[in-house]
Amino acid sequence: MPARPEPIADRYSAWRLMTESLSSNRGWKPAWRKPEPKPAYDVIIVGGGGHGLATAHYLASVHGITNVAVVEKGPIGLGNAGRNTTIVRSNYGLPSNTRFYEWSLKLWEGLEQDLNYNVMMSQRGVLNLFHSDSQRDATARRGNSMRLQGVDAELLDREQVRAMAPFIAMDNPMFPIFGGLLQRRGGTARHDAVVWGFARAADRRGVDIIEHCEVTGIRREGGRVIGVETTRGFIGAKKVGVAVAGNTSRLATMAGLKLPVESHLLQAFVSEAIKPMINGVVTFGAGHFYISQSDKGGLVFGGDLDGYNSYSQRGNLPLVEHLMGAAVSMIPSMSRLRVLRQWAGIMDMTMDSSPFICKTPIDGLYFNGGWCYGGFKATPGSGWCFAHTIANDAPHAFNADLTIERFRDGRMIDERGAGPNPWAQ
């Protein structure tokens, strides 16, 4: 059956903005409702972050399944959806990842029109620097793989990098810049706006977004899932999809599953606001450091995992020192800036640094996780593929290889070649 369209009267537009300003803005409605949970739904999505809300939106808009609930233990968007560095890209080397992330990037490019919401998508480019001949070879190999799969990629030499990013220390004695790989279609988006946009679009199509409703158990009967136990009572469902990022292994345990996932902390930082300086995203190949500039003027940057398992969302000081050293090595002028805020997300790291969007051995139960560093950029593609998998009880070609069975069968999608060491990915 076709999805219920969004009411025309609720659409955002320049005309609506003007008419509301003439009536003291009294006509605006809440972006989403605050419903009480129904006894049962066709589909329950556990997790009110970007991936869970995107899944609900595409279930309704693409597959016509609107009897859907998204349950979240607190307010939506306070997990990893609000704890990232907002980077969007599809510059992966292995076909299984490239197919998926390129589809996600194409969805990003039309997302604001689809959601009728400004997610502040800015395709300013993503530049990956390299510092040696061997890194140049590896980077060129990745760029060639991207181009063979129809993804944009440009290999830049030293002078092209210097012209594009004059603020970089090109001749650092330890880390001289040899060149970079540029994906011009990459960039950034506003993470909060992405959550709000998907929530509003899903709600307008009849999806119930139930906040402050923590899942405490997954109920099974005869080898099939029949619903979830929550702090607001049992909610029945024909199908349950789980998209909870760093808490994936905890939810899997409730269903009697053990997944090859570890939860690690990933810190990020933002500096005081300065005049426009960095037009795009730049990554430092010598130290896994990445940086961009927000619309407010702050420099947003991050790097490696903290290196130990945790759910704390705080982070440790040695990693702070490491990142500040990388920042100043790449951009010496950053030494004069003050850092305003720090936060940490909980990464669900797999053994090969690639995600899974798939069915589980339990009928009616589906898992979406293992996003490692790639969760935010995957948001629309993840939701689109997860919705397809749930609606059809089978994967799409874009996520057909992204299964948990690959770990049992030895079919790794090891993008970085780091082996079965999540902390090294």
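Good morning. I begin with a turn: in the hairpin of β17 and β18, which has five residues between the strands, G364 takes a positive phi near 80 degrees. Please bear in mind throughout that this is a predicted model.

From that turn, let me move to the strand that follows. How well covered is strand β18, residues 365-369? Five of its five residues are buried, and the strand is described as mostly covered. The cover extends to both faces: on one side L365, F367 and G369 are buried, and on the other side Y366 and N368 are buried too.

Which strands pair with β18? Strand β11, residues 233-242, runs parallel to β18 and is joined to it by three bridges. Within that pairing, V242 has F367 as its bridge partner in β18. Strand β17, residues 356-359, runs antiparallel to β18, with four bridges between them. There, the partner of I357 in β18 is N368.

I turn now to backbone angles in residues other than glycine. C372 has a positive phi, near 50 degrees, and is placed in the loop between β18 and α10, the latter spanning 379-392. Is C372 buried or exposed? Its relative accessibility is 3%, so C372 counts as buried. M120 is a further residue other than glycine with a positive phi, in this case near 60 degrees. M120 belongs to the loop between α4 and β4. At 31% relative accessibility, M120 is classed as partly exposed, because the buried class ends at 20% and the exposed class starts over 50%.

The next topic is the aromatic residues. The structure contains 13 aromatic pairs. One of them is formed by Y12 and Y117, whose ring centres are 6.0 Å apart and whose planes stand at 50 degrees, so the pair is tilted. This pair connects distant parts of the chain: Y12 is in the segment before α1, while Y117 is in the loop between α4 (111-115) and β4 (126-130), 105 residues apart. As for their surroundings, Y12 counts as partly exposed, because its relative accessibility is 29%. Y117, with a relative accessible area of 18%, is buried.

A second pair to consider is F100 with Y101. Their ring centres lie 5.0 Å apart with planes at 80 degrees, so this pair is edge-to-face. F100 and Y101 are both buried. Which residues make up the aromatic cluster that includes them? Y92, F100, Y101 and W371 together form one cluster.

Charged groups also meet aromatic rings in this model. Returning to Y12, the charged end of R200 sits over its ring, 3.7 Å from the centre. In a similar arrangement, the charged end of R219 sits over the ring of F234, at 3.8 Å from the ring centre.

Finally, I come to the surface. Which residues form a nonpolar patch there? The patch consists of W15, M18 and L22, which together have about 410 Å² of accessible area. L22 lies in helix α1, residues 14-22. With a relative accessibility of 72%, L22 is counted as exposed, because the threshold for that class is over 50%.

To close, I return to β18: this strand has five of its five residues buried, and it is joined to β11 by three bridges and to β17 by four. Thank you for your attention.

Terms used: Residues numbered from 1 in each chain as written. Predicted model: local features only at pLDDT ≥ 70, side-chain atom pairs only at ≥ 80, totals over all residues. Heavy atoms only, no water. Patch = residues over 30% accessible without salt bridge, like charges linked within 9 Å, V, L, I, M, F, W, Y side chains within 5 Å. Areas by Shrake-Rupley, 256 points an atom, 1.4 Å probe, with all protein chains shown as cover. Salt bridge = Lys/Arg side-chain N within 4 Å of Asp/Glu carboxyl O. Helix = DSSP H or I, 4+ residues; strand = E, 2+ residues; numbered from the N terminus. Buried < 20%, exposed > 50% of the residue type's maximum accessible area, 1.4 Å probe, protein only. Phe/Tyr/Trp six-rings, centres within 6.5 Å; stacked < 30°, edge-to-face > 60°. Lys NZ or Arg CZ within 6 Å of the ring centre and 35° of its normal. Pairing = 2+ DSSP bridges.
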